[in-house]
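Colleague: I have a new model open and would like to learn how to read it. Could we go through it together, one feature at a time?

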Amino acid sequence: MIELKNIQKYFYKGEEREVHALKNINLKIAQGEFSVLTGSSGCGKTTLLNAIGLLDKVSSGEIYLDAKEIAHLSDEQKTNLRLNKMGFVFQAYNLIPVLSVKENIAFIMRLQGYKESDIDERVNELAELLEIKEKLDYLPSLLSGGQQQRVAVARAVATKPKIILADEPTANLDHKNSESLMEMMKQLNEKENITILFASHDDYVVKMAKRVIHLKDGEITEQ
Amino acid sequence: MYKTIFSLAIKNAFLRRIRASLLILMIASSMSVMLVIEGLYDGMTASMIDKALRSDSGEVTIFAKDYRLKQYIKYSIKDADKIKKELKELNDVKSVLTRFKINGLAGSAKASYPSDLIAVDFKDEEEFGEFSEFIKEGSLKLGKNGCIIGKELAKNLKLRLNSKVIFTSRDVNNNIVSKLFRIKAIIQSTNINLDSKTLLVPKEAIYKHIGLDNSSATQIAVRTDNEKLIDTIKEKYPSLDVMSFWQYNPLLNQMQDSMIIFNSITFAIVMGVVFIGILGVMYVSILDRIREFGIMLAVGYSYKYIRYQVMLEAVVLGLIGFIIGTVLSLVFLYYLHIYGLDMSEFSDGFASFGMSSILYTEIKTAYFTSIFLAIIFASILSVFLPLRKIKKLTPTDVIRNSL
């Protein structure tokens, strides 16, 4: 499903402070995988996840999604691809503050042009699953961290994307909320066959993952 | 999709309510102050033009060739009554009158002053320009040897109602002749010439005294709404000096042009302030939400939608300011249109420019359409600079540390 070939990423290239963040990364991720990128802080987990999510440009190499090269698309095409094929869960939740929980979950569905009746049905289904049904009319600022992260997950999975990219999704959660979040992600992976790729150094996340990819100084050392 | 953009724009426009309210207030107040100033200036100009039309030239004025340059009575229009009759028969002519002006000296027991004696038909003057509205004291019942005097001239000659005034001039044979009149009315028209150097008498009171032919006149004036009528008149009377209102009143023309320039400068300054106001608020608002835009870009909200959203936010704020400004402006403009702005304290100054001391506003639809377009334009333009900031972003620039 996703294939990375010879990915290199430099920051501040040509300057004295140049950083070689990703070194010749080659990686294949199949449909329905539940994987984690792990390694010490600064090893390149987030940079690699950003590259796969087309949130940042790579310095060289190719990224294939369903055998189609996507690393060199225009910004508009990348935005469209992220909208239609990918879901994101951010460490800091990153919900849209002026929209209610319901509107946040429905946001990507509306961008994709879903019917309002379908949106309502899907939002209620996810709210039920993620136990946030009573909070649908609240603004994100009125929710706890764990509840906000569940809303972020609901937003990411609402349109059933091909892949969900989640960077340190449990970093701001306590152990109970982390367990509950990982359980839900696992269910989504199994029920909806969504490919999920985490970047995390949380032992619990690593333990739950079916595949663990180790990174060190921008290189894959073990997978 | 567009419903989502609209909803986001409205919610974000009022996210900082005090900031949004101040911007709206700034737009509304600048707009109403500007429109009141514009309305007053236009009202002043319109009033001066109206008075000049009614008290003097009409839309078309006719003189004998050389009269305007030399001002001698021998350069009068000999068959003025016949021409007046012919002009009245033309289409679109609302009113026609003839006048005979004689230069001379008006004297009282205390002073004398270079003046004009104008022989008129008061019935025609009333039909032509509602002359009786200019009378400040006395009435049109002149009786034998009665005359009407301009307010400034009466002041200079230290004359009141029923005072005597002697007018001395040359007759058609170049002999010096004088005639005594009694003042029966004092007029104030804000037409400088009429107010400061004119005595008005009925035609029959002076024609015989000066030795004039009853049907002659130094000026024929025409009221019409047809701007092209002047061409017909010029064609019909090639031997006469036919002038339009603006040719006859170049100073008023210049003044009107100056007012247009002044109003345009005021408009540009106020719109510049509005533009800077919206730019400042939108710039800060966008910088405040840069992280939010980064997240939206990351989840698939394209830059194009962000552009629509931000423009819509600015236009919504601008439009609300415009609507409140329109209501405020209409209230002020309408009040001043009906009751006027009393500037009597400066009446002498205004009179010296031929202006009334009570200023009334004009209300034109163009005020609102031009400002509406300008506000929309300023609103859209004001977001380009902050939008460039977002355009340069990649989602990771803002969320690199949080993804």
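Modeller: Gladly! Let us begin with one pair of residues: E3(A) has Y64(A), in β4(A), as its bridge partner. Strands like this one are DSSP runs of E with at least two residues, while helices are runs of H or I with at least four residues, and both are numbered from the N terminus. Before we go on, note that this is a predicted model, in which local features need pLDDT of at least 70 and side-chain atom pairs count only at pLDDT 80 or more, while totals for chains, interfaces and linings use all residues. Residues are numbered from 1 along each chain as its sequence is written, and chains are lettered from A and ligands numbered from 1 in the order in which they are written.

Colleague: What holds strands of a sheet together, and how do I read the pairing?

Modeller: Strands of a sheet pair through backbone hydrogen bonds, either parallel or antiparallel. Here two strands count as paired if DSSP finds at least two bridges between them. In chain A, β1 (residues 2-11) and β4 (residues 60-65) run antiparallel and are joined by five bridges.

Colleague: Which strands form the open sheet of chain A, and in what order?

Modeller: The order is β2-β1-β4-β5, four strands with antiparallel pairing. At the edges are β2 and β5 (68-69) of chain A, each pairing on one side only. Seven bridges link β1(A) with β2(A), residues 19-29, and F11(A) sits opposite V19(A) there. On the other side of β4(A), two bridges link that strand to β5(A), where Y64(A) faces E69(A).

Colleague: In which sense does β5(B) pair with β7(B), parallel or antiparallel?

Modeller: Those two strands, residues 146-150 and 176-187 of chain B, are parallel, with five bridges. One example is I148(B), whose bridge partner in β7(B) is A185(B). With β8(B), residues 198-202, β5(B) runs antiparallel over two bridges, and I149(B) has L199(B) as its partner there.

Colleague: What does "buried" mean in numbers?

Modeller: Count the neighbours: a residue is buried if 20 or more other C-beta atoms lie within 10 Å of its own, exposed if 12 or fewer, and partly exposed in between, with C-beta atoms placed from the backbone. By that count β5(B) is mostly covered, as four of its five residues are buried. For chain A as a whole, 44% of the 223 residues are buried.

Colleague: How many residues of α5(A) are buried, and what covers them?

Modeller: Ten of its 13 residues are buried, including Q148(A), R150(A) and V153(A). Among the elements that cover them are β6 (86-89), α3 (101-111) and α6 (175-192) of chain A.

Colleague: And how can I check the length of a helix?

Modeller: The expected span is 1.5 Å times one less than the number of residues. Helix α5(A), residues 145-157, should therefore span 18 Å, and its end C-alpha atoms are 18 Å apart, which agrees.

Colleague: Is there a helix in chain B to practise on?

Modeller: Try α12(B), residues 290-299, which is mostly covered, with eight of its ten residues buried. F293(B), M296(B) and L297(B) are among the buried ones. Right after this helix comes G300(B), whose phi is positive, near 115°.

Colleague: How do I judge the overall form of chain A?

Modeller: Compare its radius of gyration, taken over C-alpha atoms, with the globule rule of 2.2 Å times the number of residues to the power 0.38. With 223 residues, a compact globule would be near 17 Å, and chain A has 17 Å, which agrees. Its C-alpha trace spans about 50 × 35 × 35 Å along the principal axes, and the chain has seven helices and ten strands.

Colleague: Where do the two chains touch?

Modeller: Two residues are in contact if their C-beta atoms, placed from the backbone, lie within 7 Å. By this rule 22 residues of chain A are in contact with 21 residues of chain B. The largest share of chain A's side, four residues, comes from α2(A).

Colleague: What about domains in chain B?

Modeller: Domain bounds come from an automatic or database domain assignment. Chain B is divided into domain 1 (2-52 + 252-399) and domain 2 (60-226), with 50 Å between their centres, taken over C-alpha atoms. Seven residues of domain 1 of chain B and four residues of domain 2 of chain B make the contact.
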